[in-house]
Amino acid sequence: MIGWPWKTSSADRAERLLRANLTALQRADLKEHGYFFVTGGQSRLPYRVGPKKTVWLLAPGVWSKPAGSFCVYPLAHVPAPDVMLAHALSIQHDERSFCSVAAFYPYSPDLWYGIIPILRAADMLRGTNYESFCYTREVLPYRPPVHHRF
Amino acid sequence: MKHTLSIMDSSGDRKTQWDENDPASMEEARQLFDAIRASGGQVFYEQKDGVGGGRVKEFDPKANMIGVPLLIGG
């Protein structure tokens with residue numbers, strides 16, 4: 001069991017449900033690190049899912065720091081393992097909706113520039129507007145600094 | 001054969017079971033399914049050790065499912 005600081009019986013139940021839906025490798029990552037990796041169902045990009053409302057988008061081959069993070073959470077009070085499962089299922093099976101509702105925050109300009117062609121390709125597959133995928137929706141008027149634009 | 005709809009909530013998850021041969025229990029589960037979809041949530045097929053899964057658009061009485069509340073960005 002993971003040492004959740006807010007460990008409760010509800011978190012136990014949620015964690016059982018989470019573990020039942022993960023692969024052996026994901027369960028091992030979860031046990032060892034407290035997070036696991038999933039692959040986007042449409043873009044095939046790697047994501048890191050941890051016990052927070054942010055999900056890291058990773059540049060392939062660079063696992064230690066994110067190229068950006070998606071901030072998204074369930075509109076209900078649920079334990080952290082439920083949030084992780086909601087993230088994982090959405091990324092694997094409904095990535096387009098996940099990306100469209102999430103606020104996206106690009107990190108590390110060096111990694112970000114490296115991942116641009118990949119995101120562009122993913123966006124072409126989705127048939128969506130690249131700006132709308134990369135940044136955020138009108139409800140959150142976040143815009144990256146000028147030097148992140150291209 | 002019994003199937004389960006696990007709906008995420010503050011208690012971890014709330015499980016609703018139904019039997020394919022019991023229309024009453026199946027109808028109850030179907031109503032819960034519709035309620036999740038109506039509130040903006042998503043329903044996914046349960047995965048066995050990471051295998052299977054997928055988004056459920058219409059109630060499937062022969063599958064185990066997981067109800068996820070509406071996701072919002074922040």
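How much area do chain B and chain A bury between them, and what share of it lies on carbon and sulfur atoms? In this model, which is predicted rather than determined by experiment, chain B and chain A bury about 2500 Å² between them, and 58% of that area is on carbon and sulfur atoms. The size of an interface is often given in this way, as the accessible area lost when the parts come together. Counted by residues, the interface brings 28 residues of chain B into contact with 34 residues of chain A.

Before looking at that interface in detail, it helps to become familiar with chain A. Its secondary structure comes to six helices and five strands, and a reader who follows the sequence meets them in the pattern α-α-β-β-β-β-α-α-β-α-α. Chain A has 150 residues, of which 49% count as buried. Among the contacts in chain A with a separation of 6 or more, 55% are made by residues 24 or more positions apart.

The helix H1 of chain A, residues 9-20, is a good place to begin. At 1.5 Å a residue its 12 residues should span 16 Å, and its end C-alpha atoms are 17 Å apart, so the expected and the computed spans agree. The buried residues of H1(A) are A:Ser10, A:Ala11, A:Ala14, A:Glu15, A:Leu17, A:Leu18 and A:Arg19. An α-helix has 3.6 residues a turn, so residues three or four places apart point the same way. Within chain A, the buried residues of H1(A) pack against helix H2 (24-33), strand S1 (36-39) and H3, and in chain B they pack against S1, S2 and S6.

Helix H3 of chain A, residues 80-93, can be read in a similar manner. This helix has 14 residues and reaches 20 Å from its first C-alpha to its last, close to the 20 Å expected at 1.5 Å a residue. Because 12 of its 14 residues are buried, H3(A) is largely enclosed by the rest of the structure. The buried residues run from A:Ala80 through to A:Ile91, and they include A:Pro81, A:Asp82, A:His87 and A:Ser90 as well as A:Val83, A:Met84 and A:Leu85.

Between these two helices in the sequence comes helix H2 of chain A, where A:Gln26 has its place. With a relative accessible area of 8%, A:Gln26 is buried, because a residue counts as buried when this value is under 20%. A polar atom of the side chain of A:Gln26 lies 2.9 Å from the backbone nitrogen of A:Thr23. If neighbours within four places in sequence are left aside, A:Gln26 is in contact with A:Phe36, A:Phe37, A:Val38 and A:Gln92.

We can now return to the interface, taking first the residues that chain B brings to it and then the pairs that cross it. Between chain B and chain A, 12 residue pairs are in polar contact. On the side of chain B that touches chain A, the strands S1, S2, S3, S4, S6 and S7 of chain B each supply at least two residues, and the largest share, four residues, comes from S2(B). The residues on that side divide into eight nonpolar, 12 polar and eight charged.

Over all chains the count comes to seven salt bridges, and three are found across the interface of chain B and chain A. In one salt bridge, the closest N and O atoms of A:Arg27 and B:Asp49 are 3.2 Å apart. This pair crosses between the chains, from B:Asp49 in the loop between S4 and strand S5 of chain B to A:Arg27 in helix H2 of chain A. Both partners are partly exposed, B:Asp49 at 45% relative accessibility and A:Arg27 at 24%.

Another salt bridge joins B:Arg55 and A:Asp94, with the closest N and O atoms 3.8 Å apart. The pair reaches from the loop between S5 and S6 of chain B, which holds B:Arg55, to the loop between H3 and helix H4 of chain A, which holds A:Asp94. Here B:Arg55 is partly exposed, with a relative accessible area of 29%, whereas A:Asp94 is buried at 9%.

Finally, A:Arg13, B:Asp13 and B:Lys15 are linked in a network of salt bridges. Within chain B, B:Lys15 forms a salt bridge with B:Asp13, and their closest N and O atoms are 2.8 Å apart. In this pair B:Lys15 is partly exposed at 47% relative accessibility, whereas B:Asp13 is buried, with a relative accessible area of 2%.

How values were computed: Residues numbered from 1 in each chain as written. Chains lettered and ligands numbered in written order. Predicted model: local features only at pLDDT ≥ 70, side-chain atom pairs only at ≥ 80, totals over all residues. Heavy atoms only, no water. Expected span 1.5 Å × (residues − 1). Buried < 20%, exposed > 50% of the residue type's maximum accessible area, 1.4 Å probe, protein only. Contact = heavy atoms within 4.5 Å. Buried area = accessible area lost by both parts, 1.4 Å probe. Salt bridge = Lys/Arg side-chain N within 4 Å of Asp/Glu carboxyl O. Polar contact = N/O pair within 3.5 Å; in protein donor to acceptor, adjacent residues only side chain to side chain. Nonpolar A, V, L, I, M, F, W, Y, C, P; charged D, E, K, R; others polar.
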